[in-house]
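Trainee: Could you take me through one part of this model closely, and then follow the connections outward from there? I would like the cut-offs behind each term as we go.

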Amino acid sequence: MKHFLQVRTKRGDDGTFGHLVHANFHLVSLELPWRDNLKDLSCIPVGIYNVVPDDTGKHQYYRILDVPGRGNIEMHPANWAGDTTKGLLSDLRGCLAVGLRRGKLNNQECILDSNIAFERLKLYIGSEDFQLEIIERISAIV
């Protein structure tokens, strides 16, 4: 089973940004800001999670299992993960998105080329289960 590491490097009202890595495979990552693990408002707590392909529904994403106090958490394409209570844009409600690079859209920090990145992730993983370890390496200087 592959073990991916998600290293969070920056967080703020625009979202929680980081990197998803395995061996020589690398994508940028995006989640909501940390809001005390509140459903639909917060990023995933630091920890190790099993992830399984989800072949149900309209989209074929990856389901992140056993997130404490939460359900229906997935990895999928998205651009924004801002704090909606502060009027920022968000495509996420507690899930994890991947992209090829960070950037700005509509004056808000985001990730770009998310659909391309997600297709690369699907090609790399295929239909295998994998582990996701989320850690934080937030710099004091952002």
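Trainee: Between which two strands is the loop in which alanine 23 is found?

Mentor: Alanine 23 is found in the loop between strand 2 and strand 3, where strands are DSSP runs (E, at least two residues) numbered from the N terminus. Before going further, keep in mind that this is a predicted model, in which local features need pLDDT of at least 70 and side-chain atom pairs count only at pLDDT 80 or more, while totals for chains, interfaces and linings use all residues. Residues are numbered from 1 along each chain as its sequence is written, and side-chain values use heavy atoms, with hydrogens and water left out.

Alanine 23 has a positive phi of about 50° although it is not a glycine, and at 70% relative accessibility it counts as exposed (exposed is over 50% relative accessible area, buried under 20%, partly exposed in between, with a 1.4 Å probe and protein chains only). Aspartate 66, in the loop between strand 5 and strand 6, likewise has a positive phi, near 60°, in a residue other than glycine, and aspartate 66 is exposed, with a relative accessible area of 67%.

On one side of the loop that holds alanine 23 is strand 2 (residues 15–22), which runs antiparallel to strand 1 and is joined to strand 1 by 7 bridges; two strands pair if DSSP finds at least two bridges between them. Strands 1 and 2 form a hairpin with 2 residues between them, and within this pairing valine 7 stands opposite histidine 19. Strand 1 (residues 2–12) is also joined by 7 bridges to strand 10 (residues 130–136), and these two strands run parallel; here the bridge partner of lysine 2 is phenylalanine 130.

On the other side of the loop is strand 3 (residues 25–31), in which serine 29 lies. Serine 29 is buried, with a relative accessible area of 0%, and its side chain is joined to that of glutamine 6 by a polar contact of 3.2 Å (a pair of N or O atoms within 3.5 Å; within protein, one must be able to donate a hydrogen and the other to accept it, and residues adjacent in sequence count only if both atoms are side-chain atoms). Leaving aside neighbours within four places in sequence, serine 29 is in contact, meaning heavy atoms within 4.5 Å, with residues including Phe17, His19 and Ile111.

The two ends of that parallel bridge partnership, lysine 2 and phenylalanine 130, also lead to aromatic residues. Lysine 2 lies over the face of tyrosine 124, at 4.3 Å from the ring centre (the test is NZ of Lys or CZ of Arg within 6 Å of the ring centre and within 35 degrees of the ring normal). The structure holds 7 aromatic pairs, where rings of Phe, Tyr and Trp (its six-membered ring) pair if their centres lie within 6.5 Å, with planes under 30 degrees apart counted as stacked, over 60 as edge-to-face and the rest as tilted. The rings of tyrosine 62 and phenylalanine 130 have centres 5.7 Å apart and planes at 70°, so this pair is edge-to-face. The pair links distant parts of the chain, with tyrosine 62 in strand 5 (residues 61–64) and phenylalanine 130 in strand 10, 68 residues apart, and both residues are buried. Phe4, Phe25, Tyr61, Tyr62, Phe118, Tyr124 and Phe130 form one aromatic cluster.

Definitions and conventions. Helices (H or I, at least four residues) and strands (E, at least two) are DSSP runs, numbered from the N terminus.
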